[in-house]
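Welcome to a short tour of one protein model. Please have the sequence and the 3D view open side by side as you read.

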Amino acid sequence: MKIWNVGLVGCGAISNVHLGVLSQMPNVKLVAVCDIDEAKLKAATEKYGCKGFTDYHDLIAMDEIEVVHVTTPHYLHAPIAIEAMKAGKKVITEKPVASEIADAAEMVEVAKTSQLAVCFQNRYNKSSQMMRQIVDSKEYGDIIGMRGIVTWHRDAYPYYTGSGWRGTWEKEGGGVLINQSIHTLDLLLWLGGDVKSVKGAVSTDKLFNDIEVEDSAHFLVKFNNGITATFYATNAYAIDAPIFVEVVLEKATLRLRGDSLFILKDGEETMLCEPPKIEIGVNGKGYWGAGHPALIEDAYKHFESGEHFWIDGQVGYNALKVLKSVYQSSKENKEIVF
């Protein structure tokens, strides 16, 4: 069994999930972590017994490191991933793949000589997998239409104003679309295929005095195969409600509520599967889902076999292009045709 020497850049909240998974994998040795916050860095190095750096260039320069996990603020995903891949490392990055389209395109190009995995971990949920299998089977006919709804809650402080990067176009790259609801958007793209056009609008309904970016958005996606999907997302709700995805088929309707899947057929709704009780890592948050362990472990299996990992830079690029097109559509008040 090959042992992978691993480095991680960014010791914030989501890093705890990655580190929790890596610490339980027998084929992984965590060599080093990096963060500009020395308190976070110290906590990670002491807990996992690894080296620590405050400059990610130093971590990437280590010859022994073979895989780099990128769990930083959005605007740093691209420069870190690109440098790591050019240095011969394989990369697993958190979503979004990048904060800007041009950077995502460069990542896709550089990854042609490396491997790049993007954390759209909700594709690994049992409910998501079952939903995809039912759609592919054609048992209930073709997709007629879809909708996705994300109604969550974020306060100005400390989430935005206390972060140093969230809520800004420069560093976050957007608001509810690029951060909270991108996973749900990815599920629709996974089911619908290539996108033909996007028309929608964004607004800042609650936090207009506190952030630059949107806290609410709605849009329509037209796919090349004729399917349409409507999408609504907001951070202005009172709570983090379970996400909702509905897939209307010719003979039945699939409804994903949180991680539970239901089927509506002949006027009766039946549960097909409910989420398993899975530990997702130290300080893991429920709305992150339980798919990280499966995604990370599967990525390493692909790395070892040399096979291309299926949730790659292009998948990340596709989701980013759609949401950035929503921003453009809102600004120009027109349909954006791909």
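How many residues does helix α6 have, and how far does the helix reach from its first C-alpha to its last? This is a predicted model, and in it α6 (residues 126-137) has 12 residues and reaches 16 Å, close to the 16 Å expected at 1.5 Å a residue.

**Helix α6 and its two faces**

Colour α6 by exposure and a pattern appears. The residues S127, S128, M131, I134 and V135 are buried. They cover an arc of only 125 degrees around the axis, which puts them on the same side of α6. The face turned away from that buried side carries K126 and Q133, which are exposed.

What do the buried residues of α6 pack against? Their partners are the strands β7, β11, β12, β13 (260-265) and β14 (268-273), together with helix α8 (182-192). Just after α6 comes K138, a residue with a positive phi, near 65 degrees.

**Strand β11 and its neighbours**

One of the strands packed against the buried residues of α6 is β11, so let us turn to that strand next. Strand β11 spans residues 244-249 and is mostly covered, with five of its six residues buried. β11 pairs with β7 as well as with β12, as the table shows.

| Strand paired with β11 | Bridges | Direction | One bridge pair |
|---|---|---|---|
| β7 (residues 143-151) | six bridges | antiparallel | I143 with L249 |
| β12 (residues 253-257) | five bridges | antiparallel | V247 with L254 |

The connection from β11 to β12 is a hairpin through three residues. Both of these partners, β7 and β12, also appear among the elements that the buried residues of α6 pack against.

**Cysteines without a bond**

How many disulfides does a search of the whole structure find? The search finds zero. A disulfide is a covalent bond between the sulfur atoms of two cysteines, and the cut-off used here is 2.5 Å between those atoms.

Why does C34 form no such bond? The closest cysteine sulfur to that of C34 is in C11, 7.3 Å away, which is too far for a bond. C34 is also buried, with a relative accessible area of 4%.

For C119, the closest cysteine sulfur is again in C11, but at 15 Å it is too far for a bond. C119 is buried too, and its relative accessible area is 0%.

Notes
Residues numbered from 1 in each chain as written. Predicted model: local features only at pLDDT ≥ 70, side-chain atom pairs only at ≥ 80, totals over all residues. Heavy atoms only, no water. Buried < 20%, exposed > 50% of the residue type's maximum accessible area, 1.4 Å probe, protein only. Helix = DSSP H or I, 4+ residues; strand = E, 2+ residues; numbered from the N terminus. Pairing = 2+ DSSP bridges. Expected span 1.5 Å × (residues − 1). Arc of directions from axis to C-beta. Contact = heavy atoms within 4.5 Å.
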